Amino acid sequence: MQFFPAFLRDGSDCSDGARLKNGTRGSAAPALLLFLSLIVFVGITVYLFATGYYAPPPPITPVALQIDHQYALTLYATGAIFILAQLGLGFAVFRFRDRGKPAHFIRGHVGLEIAWTLATAAVFLGLGVLGTKAWSATRFQPAAAGAIQVEVTEEQFVYYFRYPGADGKFGRLDPALVSAPTGNPLGIDPNDPAGRDDIVVPTLTVPVNHPVDLLIRSQDVIHNFFVRELRLQQDAVPGMVVPLHFTPDRIGRYNIMCTQLCGMGHYQMHSFLNVVSEAEYQRFLAEAPKQ
Amino acid sequence: MSSSLHPVHAAPRAPSGFWRRYIFSTNHKVIGLQYYFLALVAVTVGIVLSLLMRFHLVWPRAHLPFISGGLMRPEQYLALMTMHGTIMVFFVLTTAPLGAFGNYFLPIQIGAPDMAFPRLNMMSFWLTLLAFACMLSAFFVQGGAPISGWTAYPPLSGLGSITGPGEGMGQTMWIVSIGIFCFASLLASINFISTTIEMRAPGMHLMRMPLTVWAWFVTAVMSLLSFGVLLAALIMLMLDRSAGTSFFIPYGLVVNGELQAGRSGGWPLLWEHLFWFFGHPEVYIAILPGMGVTSHIISNFSRKPVFGYRAMAGTLCAIGFLGFLLWGHHMFVSGMNPYSSLAFSALTLSIGVPSAVKTFNWLGTMWGGKIHFDTPMLFSIGFVSFFVTGGLSGIFLAQPALDNMLHATYYVVAHFHLVMAVAAIFGIFSATYYWFPKMFGRMMNETLGKLHFWLTFVGAYCIFMPMHFVGLYGGIRRYADWTGADYLAALRPLHMFMTIAAFATAAAQLIFFYNFFKSLASGAKAPEDPWRGTTLEWATASPPPVDNFAGDYPHVFRGPYEYSVPGAPDDYTPQHLSPSEVAGAAEGDGNV
């Protein structure tokens, strides 16, 4: 024990543990410190979440607003549990520190067990049930009729957006024809007349208040399409075409991010969603270079 | 049911010679310590990797002398991230709780002389060590370590080096390493299950087992059922990479301008299903032993029985079972059938129920208690706090509608670090401080222990709470830096705060290392039962003899948490004392 300096020696150098026999641990310092630190922690956490610290930008679709409401509901429920559990822990630790009296012997309480099991189940499953509406709106229901279809092709580390053009049909794709250096990054078959008017651009331009149906695909590894303001994301999986639809209600330019690790350029894989007026959108279609 | 046979095999003779006693030993205590020191090395490597990551996130243009060219490249960041996650999840969180403490204490706590299959036990450890060596070798092969994350999704991981640096030999070494680890885990889980079922001392009914034993048992069952699936997936991935198969590779991939003509018929989501079918039980494998230890220690230091012992055993089983049914919550936006997402979501929310019940029971154990704040208890209290915080953010992620905006952001990183990197590690720390006297016959320094706790408690919250806000704002995970989009620059102050907290908290761990090794060398001699505990490990010497009980195997007369029993002579009644011995103590004949 002499290897430890004096201020660190805590007297535990007796071999029979006699000092440890009688339970009083003396000061209430650790108990108080735990209780206070949990109070401070809860206070800071609740304050930051409640005031929307680093909140995402405002939603731009009705479904995104629904998702925000579900988030808020979940925040209230979990926030209440968080406060009760952490402060309950701090209080228990402080109130029941060794003050010389024996502990109260009890093995459990079946009624309490049942009660808090049912209550927890009701809250958690209730949240889940309430959240199905927003999920179903984005995933179960197909895009509205007349939605603008845009095919999104993702590859290391760029986005391509293909519009079907005036004929409304996408040209056939053949992977053997893919050649970005010669201007055919998607491998559109030049012999397919439907592909002649296809528009391929690096950013996504859509008109406001008009349903959009994205057909998301990948050419090499798994990527993702995520726009914060839509509160929506979808992985782009090679070998699959996954639809994703939304109706933006605010004009603006929004970031498209890739959230699925796709290689060394993952952090740079990025594009833009341009929500423009109807007139602007028509101008975009007219002026975009055709295949 | 307790075995009427005593040990299944004869009590082991003490081996002779340095190599047989300390290196190639079949003794569960030596093997447990070997796992522990492996985990210590692994956690040190893992922390260093994470500090390099955190440094790069805040100073991406800094000149680093040990990197050729001076600047860390994005693929190097991804390699650090991949290896950090892999090493921490497998070689720390799957190794220390079960392999180290489970191996050391399961036989003792059930009154057995060793595990059921000591040679298999030794093989498990050496395979794990071999796996670790393979994993570290990935840093040094051509192309460096893999960059596909601990999740290794194909096709990024399935086509070799054309998808990126590190995806050649580095990814292969990773696959080989984890494959060997799977074998080791499968062998170990057979050992744990057999030992628990067959080798309990007379009187050690299932409902008299310490909750640590319950936790190790359920964890071992989960291991047995999940690691085989991972092994199968790894073999398929290896075949895709080297034998031209297409388990995960569909037709028509064009990677770096090259058409992958020979592949067709595969499906990347098959890997995701197989991996997460393992991956989700894996995280419960990481936390369950910590839950058992927390129950055990809170009871001991509150001088009260575990509140709701049967519920605690039952919830361990419920978590173990439900944990196999909800892997799809990692795949809500993966392109998987959206209807199945609702099923996975309901099941994920359901597993919150036994987890919450455990938390209430921990509070119930403390309630009305006589709490002593020794370091093991401080870390167990910390476990409860971090488990609550981390678990609650899971309620958000369990809902697919919210996952739409939170998936693959730092919100997820916050969630799993709070439960795994903090709560589970707190479980390891509290087990260490609690059982150090028993394992090494010496006491650790209490003052340093308390200092370590406070710095780590505050530091860990400082590192991981801001990550929630980074994620909410749209900070994407696995990003090497913040130059990809303009809005990300606003996150820099949060990242700076977290990086400083990370370095400070990592430095605080040096206090633990100092305390650990100094106490090993020169700590006060530990008595047989320094914490006045009731379970069988406290009924033998510190450290225990080779066969754990010097031939005098205990019989068990009562449950494991008989503290403050009304009318008892002391505030704890050990499991192994017969009623007459207890009564004798009450009459003061000094037998206790």
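Begin with helix 9 of chain B in this predicted model: select the residues that cover its buried positions, and the selection will include helix 3 of chain A as well as helix 7 (211-242), helix 8 (268-302) and helix 10 (338-366) of chain B. The buried residues beneath this cover are Tyr309(B), Ala311(B), Met312(B), Ala313(B), Thr315(B), Leu316(B), Ile319(B), Gly320(B) and Leu322(B). Next, select the two end C-alpha atoms of helix 9 of chain B, residues 309-322; they are 20 Å apart, which agrees with the 20 Å that its 14 residues should span at 1.5 Å a residue.

Proceed to the contact between the two chains, to which chain A gives 97 residues and chain B gives 101 residues. On the side of chain A that touches chain B, select helix 1 (29-50), helix 2 (62-95), helix 3 (110-139), strand 7 (232-236) and strand 9 (252-257), the elements that each give two or more residues. Helix 3 of chain A supplies the largest share of that side, 15 residues. Colouring this side of chain A by residue class gives 52 nonpolar, 31 polar and 14 charged residues.

Finally, display chain A as a whole. Its secondary structure consists of 4 helices and 10 strands, in the sequence order α-α-α-β-β-β-β-β-β-β-β-β-β-α. Chain A is more spread out than a compact globule, because its radius of gyration of 30 Å is well over the 19 Å that the globule rule gives for 291 residues. Along the principal axes, the C-alpha atoms of chain A fill a box of roughly 90 × 50 × 35 Å. Of the 291 residues of chain A, 40% count as buried. Among the contacts in chain A with a separation of 6 or more, 72% join residues 24 or more positions apart.

Definitions and conventions. Residues numbered from 1 in each chain as written. Chains lettered and ligands numbered in written order. Predicted model: local features only at pLDDT ≥ 70, side-chain atom pairs only at ≥ 80, totals over all residues. Contact = placed C-beta atoms within 7 Å. Nonpolar A, V, L, I, M, F, W, Y, C, P; charged D, E, K, R; others polar. Expected span 1.5 Å × (residues − 1). Buried ≥ 20, exposed ≤ 12 C-beta atoms within 10 Å, placed from the backbone. Rg over C-alpha atoms; globule rule 2.2 N^0.38 Å.
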